[in-house]
Structures are given as structure tokens and as C-alpha cells.
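Subject: Structure for you to look at

Hello,

Here is the structure I said I would pass on. Please open it first; my notes follow below.

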Amino acid sequence: MELADYERHLVGLLCWSCHAATGPCNARQRQCPRCRKRWSYDRKRIHWELLKAFCLNPTAHHAARYIRCTYRTAHQTYMRFRLALGEMTAEEKRPLLGELELDESYFGGKRKGKRGRGAAGKVAVFGILERAGKVYTVAVPDCRKETLMAKIQAATVKGSIFYTDEFVSYKDLSRYGKHVPIDHQETVAEGSAHINGIEGFWSYAKRLHRLCHGVDRDNFPLYLAEYEYRYNHRDEQLLSILFDRLYKTDPIKNHLP
Ligand SMILES: [Zn+2]
């Protein structure tokens, strides 16, 4: 079933099997007079509204209040959407090549105290941006040279051009490709020698992450995959992508919690 059809059935209260107009049979359910099938209007409405809300990306808290469902339902459904985005992110992974911008950043944790590299309570994230292509991110336990080099070798094609800052963990990159370290002290970036692309992604992802207060460490990779997917597909319709993934094949069944 296509997205427009789905919404037409939901708004018009039509039967999901034979498309006849349905009537209420009890407080929660509707029944088709022709084929006698029953379905829960409220559950379907809530899932549909949560899907739309997620695409506009307010928090699960706001969505729950607006849609009139419990926070638990909103949160669990949002996590299911994030899981789908994570799966799709994993499916479209392929080796990155050409001009690549590499950088690491820190997410979450307490605002006070140490900032930047090695800040307490924060999750380290390593990112690679393929110019005119996609961004790739991965949460890492630390930003030591061995850790980052292993991620670089797993994700990129040898012989690519690597733009980085002057962080010591990148100093062996010239053995793996062409390494262009960028001196941030220089006032203006010269030509292509910059990492503005990946820095743009960090500010995009952090803006989204600030909305989700207190993400725990175990769930963080799902949030990260969400930011990555949203960024890589920012010119596409997230609503139809998620609809196709989760609802299209079997709109009768409720797949979500
Ligand atoms: Zn019917």
C-alpha cells in the first residue's frame, strides 16, 4: 500500500482489506460491515502521527503530549524508527574513496568540566565525510592512533586523499594514502585544504542530539545512526522512506509496539 493510500484509509476510516467504510464496534475498535474484520483505530492513528512527528524531529516527549499517547509508547516507537534507520545505514555502507575529511568529536556528558578531547562522560565519535558523497560515523572507545587507523582502514579505500586536523593520531596516514593535515591556526583555509564538511556534520548532529536529553551509552549508536541517515538523506522525504520500510508491505498489521 502506498503512503497516500494508507493515509486515505486511516483518515477516511476505510477497511484495510476491502476499502469499505467502517463503523465503530466498541470504544477502541472499528469493524468492516462487509468483511467483518476489526481493527484498532487509535493504535494506527498513534503510529501514523508518531511517524510524521519523528520526521519533523521533535523529541518523543513533545510528540507524546501532542499526539496524546504515553511517553513510553512514543519513546519505544521512536526507537523502532531509529532501529530502522540504523539498519538502512548499515545496508548502504560501502568503502569511501576520493577526497575524504576525517575528524573526531565528543557527544553528551556533563557540560561542566573538561571539554574537547578526552572529556569525561562523553562518547567519542569518529567521522569520515566523502566530499560530494556521504558521511560515515562510528562511536569509538578512544581516539588513539591504533583505534582510528583500524576504523579508517575498514571504511576507506587505500590511496584516497585524507584531510585531517593536526591531531597526533593521524600522523601515520601518509602510509595509507595522501595525507593533508590542516593547521587550524592559519586564518583562512586554502582551496580544498579544509575539513568544513565534517565540521558541518558535527554541528548538524549536535543540534539534534541536544534535543534528546540524557541518551544512555548503550543506545547512543542508534541515535548516531539516526543523525547519519538524516544527514545523508537530507534532500529526501524521510516520511516515505520510513513508511516504505515499516508499513508498506503489511499495513493491516501493527508492526510497532
Ligand atoms: Zn472490509
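The expected span of a helix is 1.5 Å times one less than its number of residues. That rule is applied below to helix α6, in what is a predicted model.

Helix α6

Helix α6 covers residues 196-211, which is 16 residues, so at 1.5 Å a residue the expected span is 22 Å. The C-alpha atoms at its two ends are 23 Å apart, in agreement with that figure.

Which residues of α6 are buried? They are Ile-198, Phe-201, Trp-202 and Ala-205. These four cover an arc of only 105° around the axis, and therefore they sit on the same side of α6. An α-helix has 3.6 residues a turn, so residues three or four places apart point the same way. The other side of α6 carries exposed residues: Asn-196, Ser-203, Arg-207, Arg-210 and Leu-211.

The buried residues of α6 pack against three strands, β4 (99-107), β5 (123-130) and β6 (135-140), and against helix α7 (220-232).

Strand β4 is also where Glu-99 is found. Glu-99 counts as partly exposed because it has 18 C-beta neighbours inside 10 Å, and a residue needs 20 or more to be buried. Leaving out residues up to four places away in sequence, Glu-99 touches Arg-131, Ile-161 and Ser-192. Its C-alpha atom is 8.5 Å from that of Leu-129, a residue 30 places away along the chain.

Helix α4

Helix α4 can be read in the same order: length, then sides, then partners. It has 21 residues, and the distance from its first C-alpha to its last is 30 Å, close to the 30 Å expected at 1.5 Å a residue.

The buried residues here are Ala-74, Thr-77, Tyr-78, Phe-81, Arg-82, Leu-85 and Thr-89. They lie on the same side of α4, because the arc they cover around the axis is only 145°. Arg-72, Ala-90 and Glu-91 are exposed on the other side of α4. What do the buried residues of α4 pack against? The partners are helices α2 (41-56), α3 (60-67), α7 and α8.

One of the buried residues of α4 is Tyr-78. It counts as buried because 23 other C-beta atoms lie within 10 Å. Apart from neighbours within four places in sequence, Tyr-78 is in contact with Phe-54 and Ala-60. Phe-54 is 24 residues away from Tyr-78 along the chain, and the two C-alpha atoms are separated by 6.8 Å.

How α4 meets α8

Two packed helices are described by the angle between their axes and the distance between the axes. For α4 (residues 71-91) and α8 (residues 238-246), the angle is about 90° and the axes are 11 Å apart. The two helices are therefore roughly perpendicular to each other, since angles of 65 to 115 degrees count as such.

At this contact, α4 contributes Phe-81, Ala-84 and Met-88, which meet Leu-242, Arg-245 and Leu-246 of α8. Sorted by class, the contact has 5 nonpolar residues, no polar ones and 1 charged one.

Two loop residues with positive phi

Leu-13 is not a glycine, yet its phi is positive, at about 55°. It lies in the loop between α1 (3-11) and β1 (23-24). Leu-13 is partly exposed, with 13 other C-beta atoms within 10 Å.

Arg-36 also has a positive phi without being glycine, with a value near 65°. This residue is in the loop between β2 (29-31) and β3 (38-40). Arg-36 counts as exposed because it has 10 C-beta neighbours inside 10 Å, and the cut-off for exposed is 12 or fewer.

The chain as a whole

How many helices and strands are there in the protein chain? It has 8 helices and 8 strands. The chain has 257 residues, and 26% of them count as buried. Taken along the principal axes, its C-alpha atoms fill a box of roughly 70 × 40 × 30 Å. Of the contacts between residues at least 6 apart in sequence, 50% join residues at least 24 apart.

Regards

Methods:
Residues are numbered from 1 along each chain as its sequence is written. This is a predicted model: local features need pLDDT of at least 70, side-chain atom pairs count only at pLDDT 80 or more; totals for chains, interfaces and linings use all residues. The arc is that of the directions from the helix axis to the C-beta atoms. Two residues are in contact if their C-beta atoms, placed from the backbone, lie within 7 Å. Axes are lines fitted to C-alpha atoms, for helices over the stretch in contact, and angles run from 0 to 180 degrees between N-to-C directions. Angles under 35 degrees count as roughly parallel, over 145 as roughly antiparallel, 65 to 115 as roughly perpendicular and the rest as oblique. Ala, Val, Leu, Ile, Met, Phe, Trp, Tyr, Cys and Pro count as nonpolar, Asp, Glu, Lys and Arg as charged, and the others, Gly among them, as polar.
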